Every structure is written in structure tokens, then in C-alpha cells.
Amino acid sequence: MFIRVVLALALSAPPVVTPDRADPGPCRVPVPAGTACGFLEVPERRDSPGRTIQVAYAVRHSLAPDRRPDPVVFMGGASAIPLMEELAGMFPERDVVAVDQRGGGASRPAVACPETAQALLGRLRVPPSDVGAAAVRCRDRLAAQGVDLRGYRTGEIVADVVALRGLLGYDAWNLVGAGHAARVMAAVAAADPAGTRSVVLEPPPEAPGVVPARPGDAYERAVARLNARPASVTALDPLLGREFAARVSGYDLTALLGAAPRDAGTPALMNALAEGRDELLRPLVERLGEELAGRASGPYHAVRCQDAPPPAGSPLFTVSGDKAVCDAWNLPRAPEPVTLASTAPRAPVHVLPAAFPGDTCARRAAAAFVAGLRPAGPCPEARPVELHVTAAPYAIARTPWLAAPFGIFALACLIQLVTAALKGRALPAYGGLAGVAFAGLTGQSVYELAKEHGGALTVGVPAITEWYAWLAVVSAALTVAAFLHNREWPQTTAAAISGVFLIWWFTWFL
């Protein structure tokens with residue numbers, strides 16, 4: 001619902017914004033103390049001056065006694081300002097500047113293109129959506145608002161960042177770019193060497209949607225199985241707010257995995273998919289849907305089509321969909337397309353080993369490099385975790401009330417333990433104790449997994465929970481035995497709750 005409201009507001013934004021440059025003022029999103037937001041007014045096309053647009057930015061001024069003169073400026077995806085709180089915590093001794101790309105985030109006008117986002121996800125429908133037709137509708141709507149998509153390319157974004165340094169009056173700063181913004185920041189360093197102290201990059205994959213695999217491994221088997229017999233998966237469309245039936249082939253799986261971060265749960269996921277556990281495809285489909293819905297599709301595709309057009313003939317629906325958008329928009333190729341290989345920054349450059357700012361090791365590495373211009377130690381390799389494969393944790397994360405049986409069972413066991421102990425009844429007391437132990441150990445193991453490898457919960461729960469389940473069985477057995485000795489309503493209720501819980505646990509959760 002929130003995403004649809006934001007998109008609706010974006011589509012209703014005034015098409016032409018040409019006021020004087022806004023002075024920094026309050027921000028519209030939660031930000032740390034000492035943060036001000038503003039707009040940099042720039043030409044939409046520097047090669048054809050006339051219409052101007054506004055690039056949103058936020059500045060957190062450091063109050064540290066050992067404040068450093070060179071700030072950190074961050075750009076990642078379309079919107080960076082909402083990450084200001086996290087960024088400020090990483091660099092407390094420096095000013096932090098977050099920049100939203102032109103056309104995205106809080107920048108004006110908002111060049112949103114929900115038509116293409118919906119159509120790209122709709123490529124998994126039967127019949128598949130027409131991405132090209134959706135792109136034409138978006139292009140015509142934006143053109144009617146006065147938007148010139150030729151102004152939304154990497155070269156213009158680079159010039160925006162360089163101009164922002166001049167506006168803010170910093171002599172030099174540290175550039176941090178994540179995802180496709182890594183190309184922007186590398187090019188900024190090359191274009192403005194005197195204003196660049198260091199560069200930290202979390203680059204996008206060179207071949208989006210391609211997952212390396214060894215012949216014969218679980219990934220290969222899963223792809224082959226799904227290509228032979230595509231799966232039908234019910235998933236939520238975040239733009240429409242309703243479920244739809246997605247048809248997922250092996251090539252589609254490759255595209256979905258390309259949009260999902262690899263973590264400690266990936267090996268278990270591949271093995272499960274190879275064995276036919278198609279219910280685990282739902283998190284992958286919905287993760288891509290959320291990414292498409294949250295992406296500023298207009299600027300994304302304008303940059304993609306002009307700077308790095310997708311290849312023809314790809315079997316991946318994400319790549320072929322991008323190609324359909326580029327064919328429909330027919331934008332000219334940028335005179336000097338910007339790629340990571342084409343930039344040669346003179347400042348020290350550090351390439352992060354993991355996703356930034358989401359990964360803890362990547363945050364630590366970025367902070368250490370900016371502080372001392374020396375790479376931090378290597379990140380520990382994520383070791384596969386032993387999982388019991390189940391889709392239940394993901395379903396509970398989306399609909400928390402589904403965990404009600406677990407909560408009711410734990411509460412009933414606690415009450416049984418306390419009341420039986422006070423009355424000196426050993427059998428029900430031990431039954432309650434076993435149930436409380438089960439709930440505590442299971443909850444702790446799931447919490448530890450979520451803290452260390454949150455993505456693994458979309459695949460299953462720690463394998464040790466299978467053994468913890470025997471505590472629940474013992475608890476239920478002792479509770480039923482106590483019921484046979486005492487058939488009063490409290491013990492009857494406890495026995496009934498135990499029985500229902502075991503059915504729920506073994507037939508649905510596990």
C-alpha cells in the first residue's frame with residue numbers, strides 16, 4: 001500500500017519545476033540531528049540548456065570534536081537520503097552528504113515509471129505482459145509532462161555531483177557509490193580529481209542475472225528441472241497489491257537469483273529447488289517485485305539505454321524486458337558511455353567485498369578505508385548453514401498471526417509450569433518445563449540465524465530445531481498424562497493446546 005501511495009504522489013508531481021535553488025531546510029524523512037535537506041538546481045540537459053530540474057540532497061554536519069574537513073558523499077540507487085541515519089553512524093567524525101539521483105527519490109520532477117515496473121514483473125504471468133507497450137505509455141506520459149529522458153544519463157549525474165561539491169563549498173570529499181551509482185562515483189573521481197580524496201565502490205554485477213554454477217551442481221539441476229517443467233507460484237504483486245500466479249522457468253530462476261543477494265542459505269535453497277520445493281520460489285519473486293516497485297524505473301532505464309544497452313537475445317526476462325524498454329524509447333547512445341572500465345580515478349579506490357550499506361563487513365571496510373586510506377582485512381566467507389527447509393518462516397514474516405499457535409503453546413506451558421510448581425504437581429510441572437525449554441531454545445536459534453544470516457529464513461530454520469521438537473513432544477506427552485490423572489478444565493485445555501500445536505508444528509511449520 002505504501003509503495004502505491006508513493007508512486008501515486010510521484011505521478012501527480014508538477015512536471016516542470018524551475019524555482020530558485022532551495023536553501024537547506026527540514027527533511028521529509030527521518031534523519032539524524034544536525035541534518036538539513038535541500039535542492040541543487042541544474043539543467044535537465046547541459047547540451048541543450050533551458051528547462052531545469054532539482055536534485056535532492058541532505059547534509060549531516062558532524063559535531064564531533066575531532067571533525068575531519070573532508071566529508072563523505074553517498075549515492076546508491078535512486079534514493080540515498082533515507083539511509084542518512086545509517087551513514088551518519090558509520091562516519092561520525094565527518095560531514096555526510098546523501099544525494100538522490102536526478103529523477104529519483106526526492107528529486108524533482110519524479111521521473112517514475114510504474115508502467116514498466118509492473119510489466120517487467122508481469123513477464124512471469126501467463127500470458128506475459130507487453131513491456132514494450134508499457135514503456136511507450138510511460139514515455140508518452142513523461143513527455144506530456146515535459147520530461148526529456150535524454151537528460152537522464154550517467155554523464156549528467158556525474159556533473160550534478162561535481163556541481164554539488166561547489167555549492168556546498170567542500171575542498172574535497174570521499175565518494176561512496178553503491179550498485180549502479182558506483183559507475184557514477186568512479187566517473188566523478190575522474191572528472192573532479194582535485195575534489196576527490198578517496199573512492200569506495202560497491203559495483204553492480206558485470207552480467208546481471210547470471211549466477212555462476214558448476215555443471216551438475218544443485219543450481220544446474222534446478223534450472224534444468226524448471227526449464228523442463230516450469231513451476232506455478234502464487235506471489236504478491238506490490239504495485240497492484242494483490243496476488244498473481246507466476247510461471248517460473250529455469251531461465252526465470254536465473255534472473256530471480258541475479259536480483260537476490262547470495263547468503264549462507266543459498267546452498268540449501270539450491271538443493272531444495274533441485275528437489276522440487278517450488279514454494280521457496282515465492283520469496284524470490286516477491287523480492288524482485290519489491291525491487292522493481294522501489295526502483296525509479298524512469299531514470300534507471302534512461303541511464304541503462306543510453307550508457308549500457310542490454311544485449312539482444314537474452315533468455316532472462318529481466319534483460320529482455322530492459323531491451324524492450326530501450327527499443328521502445330529509442331534513446332540515442334551516450335557519446336561517451338560511462339562504465340567502470342572507462343574511468344580511471346587518480347584517488348585511492350577501494351572495492352567493497354559485499355553489498356553496501358546492508359552488509360556489516362562492507363560497512364566496516366568502507367569506514368576503515370575512508371579513515372586510513374588502507375583496505376580493511378578480508379571479510380570472513382559466509383559458510384553455509386544447516387537448515388531444515390520450510391517456507392513457514394517467510395509466511396510468518398509476511399503474516400505474523402500465523403505464529404499464534406507457537407505463542408499460545410509457549411504461554412500455556414509457562415502457565416502450566418508456574419501453577420503446577422506452586423501446587424506441587426510434578427507431572428504437569430515437568431510438562432510445562434519441557435515446553436518452555438522448547439520454545440526458548442527454538443526462539444533463540446531462530447533469532448541467532450536472523451541476526452547473522454537474515455536471508456536464510458526465507459529458506460528454512462536451523463536444523464537443530466528438528467531436535468528441539470522432541471522437547472515439545474515430551475511436553476505434550478507429560479501434559480496428556482497429567483490430564484489422565486486430573487481431568488479438570490485447566491489440564492484439559494493444556495492438553496488440547498499441546499495436541500493442536502504438535503499438529504501445526506509437524507504438518508505446517510516443519
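## Aromatic pairs and the aromatic cluster

In this predicted model, the number of aromatic pairs comes to 15. One of them joins Phe409 and Phe438 in an edge-to-face arrangement, with 6.1 Å from centre to centre and 70° between the planes. This pair connects distant parts of the chain, since Phe409 belongs to helix α15 (residues 404-423) and Phe438 to helix α16 (residues 426-452), 29 residues apart. Both Phe409 and Phe438 are buried.

The rings of Trp504 and Trp505 offer a second example: their centres are 6.0 Å apart and their planes meet at 45°, so this pair is tilted. The angle falls between the cut-offs, under 30 degrees for stacked and over 60 for edge-to-face. Trp504 has a relative accessible area of 13% and is therefore buried, because the limit for a buried residue is under 20%. Trp505 is also buried, at 1% relative accessibility. The residues of both pairs belong to one aromatic cluster, which consists of Phe406, Phe409, Phe438, Phe501, Trp504, Trp505, Trp508 and Phe509.

## Charges over rings

Two arginine residues are placed over tyrosine rings. Arg295 has its charged end over the ring of Tyr300, at 3.9 Å from the ring centre. Arg102 lies over the face of Tyr152, and here the distance to the ring centre is 5.8 Å.

## The second largest pocket

The volume of the second largest pocket is about 360 Å³. Its lining is made up of 16 residues, and those closest to the pocket centre are Ile415, Gln416, Thr419, Pro490 and Gln491. Two elements, α15 and α18 (489-509), each give two or more residues to this lining. Helix α15 is also the element that holds Phe409 of the edge-to-face pair.

Sorted by class, the lining of the second largest pocket contains eight nonpolar, five polar and three charged residues.

## A parallel arrangement around strand β5

Strand β5 (residues 173-178) is largely enclosed by the rest of the structure, because six of its six residues are buried. What joins β5 to strand β3 (residues 72-76)? Five bridges do so, and these two strands run parallel. Within this pairing, Val73 has Leu175 of β5 as its bridge partner.

Strand β5 is also joined to strand β6 (residues 196-202), in this case by six bridges, and again the strands run parallel. Here Ala178 has Glu202 of β6 as its bridge partner.

## The hairpin of β7 and β8

Strands β7 (residues 231-237) and β8 (residues 242-248) run antiparallel and are joined by seven bridges. Together they form a hairpin with four residues between the strands, and in the turn Gly241 has a positive phi of about 70°. One bridge of this pairing links Asp237 to its partner Arg242 in β8.

Is Ala245 of the hairpin buried, partly exposed or exposed? Ala245, which is found in strand β8, has a relative accessible area of 48% and is therefore partly exposed, because that class lies between the limits of 20% and 50%. The C-alpha atoms of Ala245 and Thr234 are separated by 4.6 Å, although these residues are 11 residues apart along the chain.

## Backbone features in loops

Most peptide bonds are trans, and most residues other than glycine have a negative phi. Against this background, several loop positions deserve notice. The peptide bond from Arg108 to Pro109 is cis, with omega near -5°. Pro109 lies in the loop between β4 (96-99) and α3 (114-121). A further cis peptide bond leads from Val126 to Pro127, with omega near -5°. Pro127 is placed in the loop between α3 and α4 (131-144).

Asn330 is not a glycine, yet its phi is positive, at about 50°. This residue is part of the loop between α12 (317-329) and β9 (349-351). The relative accessibility of Asn330 is 64%, so this residue counts as exposed, because exposed residues are those over 50%.

Conventions:
Residues are numbered from 1 along each chain as its sequence is written. This is a predicted model: local features need pLDDT of at least 70, side-chain atom pairs count only at pLDDT 80 or more; totals for chains, interfaces and linings use all residues. Side-chain values use heavy atoms; hydrogens and water are left out. Rings of Phe, Tyr and Trp (its six-membered ring) pair if their centres lie within 6.5 Å; planes under 30 degrees apart count as stacked, over 60 as edge-to-face and the rest as tilted. Buried means under 20% relative accessible area, exposed over 50%, partly exposed in between (1.4 Å probe, protein chains only). A charge sits over a ring if NZ of Lys or CZ of Arg is within 6 Å of the ring centre and within 35 degrees of the ring normal. On a 1 Å grid over the protein atoms alone, a cavity is a set of points where a 1.4 Å probe fits but cannot get out, and a pocket is an open set with protein on both sides within 12 Å along at least five of seven lines; lining residues have an atom within 4 Å of a point. Grid points are joined across faces, edges and corners, and a volume is the space filled by probe spheres set on the points. Ala, Val, Leu, Ile, Met, Phe, Trp, Tyr, Cys and Pro count as nonpolar, Asp, Glu, Lys and Arg as charged, and the others, Gly among them, as polar. Two strands pair if DSSP finds at least two bridges between them.
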